[in-house]
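Thank you for sending this model for comment. My remarks are set out as numbered points, to be read with the coordinates open.

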Amino acid sequence: MKKKVFTPALFDCLKHYSGRQFTKDLVSGVIVAIIALPLSIALALASGVSPEQGIYTAIIAGFLISFFGGSCVQIAGPTAAFATIVAGIVAQHGMGGLALATVMAGVILILMGVLRLGSLIRFIPYTITTGFTAGIAVTIFIGQWKDFFGVTYADKPIETMEKAACFFRNLGTVNVWAVLVGAVCLAILILWPKVNRLIPGSLVAVLAGIAMVQLLELPVNTIGDLYTISNKLPSFTLPDFSFSTMESMISSAFTIAILAAIESLLSCVVADGMVATHHNSNTELIAQGIGNIGSALFGGIPATGAIARTAANIKSGGRTPVAGMVHALVLVLVLVVLMPYAALIPMPCIAAILFSVAYNMSQWRAFVRLCRCAPRSDLLVLVLTFLLTVVFDLVVAIEVGMLLAALLFMKRMSDETEIRGWKYKDMPEDQLTEVPLHVRVYEIRGPLFFGMAERIGEITVKEFTRCLVIRMHMVNALDVTAFNALENLYDECAKKGIRVIFSHVNEQPMHVMEHAGFVDKVGRENFCRHIQDAIALAVQSTGEQTG
């Protein structure tokens with residue numbers, strides 16, 4: 001029985017909800033909010049928007065996706081995967097363009113869920129997701145060099161390679177004190193989990209960074225030096241929905257939607273493995289759409305399921321969407337009460353946090369393993385997707401990566417498909433059944449699709465051939481192009497008075513042939529279940545006898 005398209009996990013969880021579980025969800029929600037606070041600020045800055053907009057995203061999208069989502073434990077909010085995309089959109093189209101693209105992406109996600117496309121995400125190759133994830137990690141890493149080393153320059157580069165070039169051109173402006181603060185914060189992020197896993201290392205690093213800069217009066221830029229901090233609650237803003245603006249943002253909208261779908265469903269799969277649950281992928285896509293529309297309309301940026309925060313929720317005891325909703329409500333209190341103090345956070349500390357995020361999302365071990373053991377074609381897709389993400393952008397990387405992966409897959413499948421003719425009885429007897437001279441038998445092994453259409457031309461007949469038998473017991477798939485080539489072969493045989501008999505046509509190819517009227521054209525009596533039956537029919541029709 002198929003699952004309903006939209007069945008929020010919250011409603012099922014509340015049927016058997018208890019006070020004990022609420023306590024666990026409450027504690028987990030508070031812990032996840034503490035983890036999300038510095039990350040949301042850091043990711044907002046990496047995305048080229050103000051710090052509070054990261055909090056807005058975690059609040060609005062985090063609450064809506066937990067409320068409507070298809071996973072019991074998913075925690076959503078701003079993620080590193082969107083940072084470079086958002087920064088590029090904001091630089092070119094401003095916040096209005098980003099809001100419109102995010103709303104459009106939300107609509108696309110809802111449509112994907114309604115059309116039950118959640119399961120199709122699995123058809124995106126692992127090499128592509130690994131390649132662009134590692135590429136995003138590198139772009140985030142390079143993008144934070146400036147703040148970590150305290151380098152100053154007037155340029156505002158957008159592309160990753162431009163940022164790297166500007167950094168090296170201005171190496172003479174390195175701030176030693178910024179490096180010191182960044183190094184201390186980075187050391188805390190690395191070492192703190194060995195000391196205490198309950199209190200997030202990012203929070204300890206922020207507090208340590210603030211203490212160093214304020215108490216020692218170090219000449220290091222803080223968030224307040226570069227941005228105006230606001231503790232106002234998010235307000236409703238409607239973007240420009242003019243046709244021309246929507247047309248210019250459609251590519252960005254699809255990129256945001258596809259990335260949100262991939263990241264959120266991957267997070268759900270990881271969560272399912274940790275708590276032995278099963279998410280509803282279509283419901284999750286609809287919830288992601290609702291969450292992103294809500295985030296955009298209230299000043300936020302794109303959001304998706306965050307694997308690290310979801311894992312922290314599970315480890316803290318959260319087992320229902322209530323934990324995600326609590327995390328959002330706690331962030332509202334933090335925004336109103338503590339947000340002004342965010343101005344004191346040193347920029348090298350933010351850079352150190354993003355270095356840690358980049359490292360954790362890079363999947364470098366998986367990347368190296370694939371480089372060592374993957375076939376050359378898969379390795380090409382992996383490396384090309386990675387390089388295109390770093391040098392150009394994620395849109396180009398995914399488009400080229402998917403196209404190349406599809407072409408290589410078709411090449412691989414065509415190499416697996418074999419068309420060979422059986423030998424006559426007066427030749428060496430190395431096949432199952434002897435074939436009379438006037439009967440020609442060809443066996444097709446593997447899928448028949450447009451990449452294989454030309455190879456059907458390898459099926460040839462002699463002047464003395466009176467019957468052609470085509471054995472298809474190992475053909476599980478037939479597309480229209482290959483079918484057209486097969487029909488052309490039949491027409492050529494019919495002109496020459498050669499009878500064509502098909503042996504063991506499987507369900508999918510048979511359905512294609514029946515739907516096109518080919519079975520009636522050939523004659524249903526010419527479709528045999530077994531090769532022996534086909535050859536017997538061929539012998540009967542030619543008057544020949546097997547030896």
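The points below go through helix packing, the nonpolar cores and some individual residues.

1. Please keep in mind throughout that this is a predicted model, so that every value quoted here is computed from predicted coordinates.

2. I begin with helix α2 (residues 19–46) and helix α9 (residues 201–215), whose axes come within 8 Å and cross at roughly 55°. Angles of 35 to 65 degrees fall in the oblique class, and the two helices are therefore oblique to each other; α2 passes α9 in a left-handed crossing. On the α2 side the contact is formed by Ile-34, Ile-35 and Pro-38, and on the α9 side by Ser-202, Leu-203 and Val-206. Sorted by class, the residues of this contact are five nonpolar and one polar, with no charged residue.

3. The pair formed by helix α16 (residues 364–373) and α17 packs at an angle of about 140°, and the two axes are 9 Å apart. Since only angles over 145 degrees count as roughly antiparallel, α16 and α17 are classed as oblique to each other, and the crossing of α16 past α17 is left-handed. Phe-367, Leu-370 and Cys-371 of α16 make the contact with Leu-379, Leu-382 and Phe-386 of α17. The contact of α16 with α17 comprises six nonpolar residues, with no polar and no charged ones.

4. For α5 and helix α18 (residues 394–416), the packing angle is about 160° and the axes are 10 Å apart. With the cut-off for roughly antiparallel set at over 145 degrees, α5 and α18 are therefore roughly antiparallel to each other, and α5 passes α18 in a right-handed crossing. From α5, the residues Ile-128, Phe-132 and Ile-136 meet Leu-394, Ile-398, Gly-401, Met-402 and Ala-405 in α18. By class, the contact of α5 with α18 has seven nonpolar residues and one polar residue, and no charged residue takes part.

5. Thr-385 deserves a look alongside these helices, as it lies in helix α17 (residues 376–391). Is Thr-385 buried or exposed? Its relative accessibility is 0%, and Thr-385 therefore counts as buried. Leaving aside residues up to four places away in sequence, Thr-385 touches Ile-128, Gly-131, Phe-132, Ala-397 and Gly-401. Of these, Ile-128 and Phe-132 also appear on the α5 side of the contact with α18, and Gly-401 appears on the α18 side.

6. Which residues touch the most other members of the largest nonpolar core? In that core, which holds 102 residues, they are Ile-41 and Ile-345. Helix α4 (residues 83–114) supplies the largest share of this core, with 13 residues. Ile-345 touches Ile-41, Val-206, Ile-210, Thr-222, Ile-223 and Ile-350, again not counting residues up to four places away in sequence; Val-206 is also one of the α9 residues in the contact with α2. Another core, of 32 residues, lies apart from the largest one, and its members include Leu-448, Tyr-490, Phe-502 and Val-519.

7. His-473 lies in strand β5 (residues 467–474). With a relative accessibility of 25%, His-473 counts as partly exposed, because the buried class is reserved for values under 20%. Beyond residues up to four places away in sequence, His-473 touches Glu-443, Ser-503, His-504 and Asn-506. The C-alpha atoms of His-473 and Met-249 are separated by 49 Å, and these two residues are 224 residues apart along the chain.

8. Finally, I would draw attention to two backbone angles. Arg-116, in the loop between α4 and α5 (126–143), has phi near 60°, which is a positive value in a residue other than glycine; the relative accessible area of Arg-116 is 34%, and this residue is therefore partly exposed. Ala-276 is placed in the loop between α11 (243–275) and α12 (281–297), and its phi is near 55°, again a positive value in a residue other than glycine. At a relative accessibility of 68%, Ala-276 counts as exposed.

Notes
Residues are numbered from 1 along each chain as its sequence is written. This is a predicted model: local features need pLDDT of at least 70, side-chain atom pairs count only at pLDDT 80 or more; totals for chains, interfaces and linings use all residues. Side-chain values use heavy atoms; hydrogens and water are left out. Helices (H or I, at least four residues) and strands (E, at least two) are DSSP runs, numbered from the N terminus. Buried means under 20% relative accessible area, exposed over 50%, partly exposed in between (1.4 Å probe, protein chains only). Contact means heavy atoms within 4.5 Å. Axes are lines fitted to C-alpha atoms, for helices over the stretch in contact, and angles run from 0 to 180 degrees between N-to-C directions. Angles under 35 degrees count as roughly parallel, over 145 as roughly antiparallel, 65 to 115 as roughly perpendicular and the rest as oblique. A crossing is left-handed if the near helix is turned anticlockwise from the far one by less than a right angle, and right-handed if clockwise. Ala, Val, Leu, Ile, Met, Phe, Trp, Tyr, Cys and Pro count as nonpolar, Asp, Glu, Lys and Arg as charged, and the others, Gly among them, as polar. A nonpolar core is a set of buried Ala, Val, Leu, Ile, Met, Phe, Trp, Tyr and Cys residues joined through side-chain atoms within 4.5 Å.
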